[in-house]
Amino acid sequence: MCPERMSAGYAQRGSAIMVALFVIVIVGLLAAALGRLLLDSGEKVTVEVLGVRALMAAQSGVEQGLYQLYPNGVWQAATADANGKTGCDKVSSSLSFSSDGLRGCSAAIVCTSLSVTSGAVTSYRLASTGRCDGGGSLAASGDNNPDFTVSRTIQAEAFDGGEQ
């Protein structure tokens, strides 16, 4: 064997290990980045689902308030109920949900009597804020993340249809 060939062979040894380590590090970094991307995507979907649930809770709150003012299609806001309440006093201030679709959600309802200048019209504004937290509403699906709460607000106005 020639000494020149031997020294050239020894100089190239170990370069395959360096290339292999480089490839392993790059693949590891790509895998970590992909994992983080999937985690972020999952959190965005969770927030979107909670947003829709909060919107449905707010919608339910407005519907409940309208029904309490206008039960069975008959305007009875000015008529006292069994407890002597009239107008906005009839409207519940909150709703809690226990069914699977809205578990962990609630609705806060605010009723305001509006002043109308024309005619004998009685008008009410209902504002409902639906709120769902990450801990309770998704607990059935295994995602128990109490780090955030999503809320949506809906407003509706109703009047008694008096002469204007």
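In this predicted model, four strands form an open sheet. Their order is β1-β2-β3-β4, and the pairing is antiparallel. Two strands lie at the edges: β1, residues 94-96, and β4, residues 149-159. Each of these edge strands pairs on one side only. Neighbouring strands of the sheet are turned against each other by 15° on average, with direction ignored.

Helix α2 spans residues 15-69 and packs on this sheet. The helix touches β1, β2, β3 and β4. Its direction makes about 150° with that of β3.

Strand β3 covers residues 123-133 and runs antiparallel to β4. The two strands are joined by 11 bridges. One residue of interest here is L126, whose bridge partner in β4 is A156. A156 is also among the contacts of L126 once neighbours within four places in sequence are left aside. On the same terms, the contacts of L126 include V62, G65, L66 and L69. They also include V91, I109, V110 and C111. I154 and Q155 complete the list.

L126 also belongs to the largest nonpolar core, which holds 17 residues. The members that touch the most other members are L69, V91, F97, C105, C111 and L126. Helix α2 and strands β2 and β3 each supply at least two residues of this core. Three of the residues named for the core, L69, V91 and C111, are in contact with L126.

Strand β2 spans residues 105-114. S113 has its place in this strand. Apart from neighbours within four places in sequence, S113 is in contact with C88, S123 and Y124. A158 lies 45 residues from S113 in sequence. In space, the C-alpha atoms of S113 and A158 are 9.8 Å apart.

Attention now turns to a polar residue of the helix. Q68 is found in α2. Its relative accessible area is 17%, so Q68 is buried, the limit being under 20%. The side chain of Q68 reaches the backbone nitrogen of S92 at 2.8 Å. Leaving aside neighbours within four places in sequence, Q68 is in contact with K90, V91 and S92. V91 is therefore a contact of Q68, given that heavy atoms of the two lie within 4.5 Å. V91 is also one of the core residues that touch the most other members.

Key:
Residues are numbered from 1 along each chain as its sequence is written. This is a predicted model: local features need pLDDT of at least 70, side-chain atom pairs count only at pLDDT 80 or more; totals for chains, interfaces and linings use all residues. Side-chain values use heavy atoms; hydrogens and water are left out. Two strands pair if DSSP finds at least two bridges between them. Axes are lines fitted to C-alpha atoms, for helices over the stretch in contact, and angles run from 0 to 180 degrees between N-to-C directions. Buried means under 20% relative accessible area, exposed over 50%, partly exposed in between (1.4 Å probe, protein chains only). A polar contact is a pair of N or O atoms within 3.5 Å; within protein, one must be able to donate a hydrogen and the other to accept it, and residues adjacent in sequence count only if both atoms are side-chain atoms. A nonpolar core is a set of buried Ala, Val, Leu, Ile, Met, Phe, Trp, Tyr and Cys residues joined through side-chain atoms within 4.5 Å.
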